[in-house]
Amino acid sequence: MKTYTALAQAFAKEDIGSCFALLGDANMHWAGALADQGVNMIYTRHEHAAVAGAAALARSTGRVGCATVTCGPGLTQVLTILPISVRARLPLVVFAGEPPANKPWYNQGIEHAPFVRGCGALYRSLRDPATMLDGIHDAFLTAKRDRVPVVIGVPFDLQNEPWTGPD
């Protein structure tokens, strides 16, 4: 099993029901694995629309909304909706992937954490398979308890590695 499959299974266990998505290289394998878990994938034409869809779901149901965008410029496209979601106190979890960890240069690489924190949201970079599943569960708990968006990043080269974490 690949790491992206284990991550998708962890998201599905959070009973998200639906995930709003715009796919790119840092989230496409994870999104496919999430769909294989029976999660309803709602594909959008813009990253903002994906997170806005999750925000609307959170606002209308009170549940944690889930969205996914790709890394780098894909994540920067949520600059408007992420602060709106923070101010509205909407519980969201956004899977954004991350640029490859083992590639010294990547043309779409940006530092995700300062960008997300600048929007007022929380950022979780998950790089250790031993703690990734707990990190996902913690992101959902934090989003729900504190009513705040949490963005999760996992380098996409690490996502494609064989899963070595807990069962």
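This report walks through a predicted model of one protein chain, from its overall build down to a few individual residues.

## Overall build

Let's start with the fold at its simplest. The chain has 8 helices and 6 strands. Reading from the N terminus, the order of elements is α-β-α-β-α-β-α-α-β-α-β-α-β-α. The radius of gyration is 14 Å, close to the 15 Å that the globule rule gives for 167 residues, so the chain is as compact as a globular protein of that length. If you'd like a box to picture, the C-alpha atoms fill one of roughly 40 × 35 × 25 Å along the principal axes.

As for packing, 53% of the 167 residues count as buried. Take the contacts with a separation of 6 or more: 77% of them are between residues 24 or more positions apart. The accessible surface comes to about 7,700 Å², and carbon and sulfur atoms make up 52% of that.

## Helix H7

Helix H7 covers residues 129–146. With 18 residues at 1.5 Å each, H7 should span 26 Å, and its end C-alpha atoms sit 25 Å apart, which agrees.

One set of H7 residues is buried: Pro129, Met132, Gly135, Ile136, Ala139, Phe140, Thr142 and Ala143. In general, an α-helix has 3.6 residues a turn, so residues three or four places apart point the same way. The cover over the buried residues of H7 includes H1, E4, E5, strand E6 (149–153) and helix H8 (156–159).

Just after H7 comes Arg147, which takes a positive phi of about 50°. Arg147 isn't a glycine, and its place is the loop between H7 and E6. Its relative accessible area is 32%, so Arg147 counts as partly exposed.

## Salt bridges

Side chains of opposite charge can pair when their charged atoms come close. How many salt bridges does a search of the whole structure find? The count is 4, and here are some of them.

Arg63 and Asp15 meet through their side chains, at 3.9 Å from N to O. Arg63 is in the loop between helix H3 (47–61) and strand E3 (65–68), while Asp15 is in the loop between helix H1 (3–12) and strand E1 (18–21), so this pair ties together parts that are 48 residues apart in sequence. Arg63 is partly exposed, at 38% relative accessible area, and Asp15 is exposed, at 56%. Asp15 also has a backbone quirk to look at: a positive phi of about 60°, although it is not a glycine.

Glu98 pairs with Arg127, with the closest N and O atoms 2.7 Å apart. Glu98 sits in the loop between strand E4 (92–95) and helix H6 (112–118), and Arg127 in the loop between strand E5 (122–125) and helix H7, so the pair ties together parts 29 residues apart in sequence. Is Glu98 buried or exposed? Glu98 is buried, at 4% relative accessibility, whereas Arg127 is partly exposed, at 47%.

Another bridge joins Arg145 to Asp146, where the closest N and O atoms are 2.9 Å apart. Arg145 belongs to helix H7 and is exposed, with a relative accessible area of 58%. Asp146 comes in at 34%, which makes it partly exposed. Arg145 also gives a handle on distance across the model: Arg145 and Thr164 are 19 residues apart in sequence, but their C-alpha atoms are 30 Å apart in space.

## Cysteines without disulfides

If you're wondering about disulfides, the structure holds 0 of them. Cys66 is in no disulfide, and the nearest cysteine sulfur, in Cys19, is 3.5 Å away. A disulfide needs the two sulfur atoms within 2.5 Å. Cys66 counts as buried, at 1% relative accessibility.

Why does Cys119 lack a bond to the closest cysteine sulfur? That sulfur, in Cys71, is 16 Å from the sulfur of Cys119, which is too far for a bond. Cys119 is buried too, with a relative accessibility of 8%.

Technical notes. Residues are numbered from 1 along each chain as its sequence is written. This is a predicted model: local features need pLDDT of at least 70, side-chain atom pairs count only at pLDDT 80 or more; totals for chains, interfaces and linings use all residues. Side-chain values use heavy atoms; hydrogens and water are left out. Helices (H or I, at least four residues) and strands (E, at least two) are DSSP runs, numbered from the N terminus. Buried means under 20% relative accessible area, exposed over 50%, partly exposed in between (1.4 Å probe, protein chains only). The radius of gyration is taken over C-alpha atoms; the globule rule is 2.2 Å times the number of residues to the power 0.38. Contact means heavy atoms within 4.5 Å. Accessible areas come from the Shrake-Rupley method with a 1.4 Å probe; for residues, only the protein chains shown count as cover. The expected span of a helix is 1.5 Å times one less than its number of residues.
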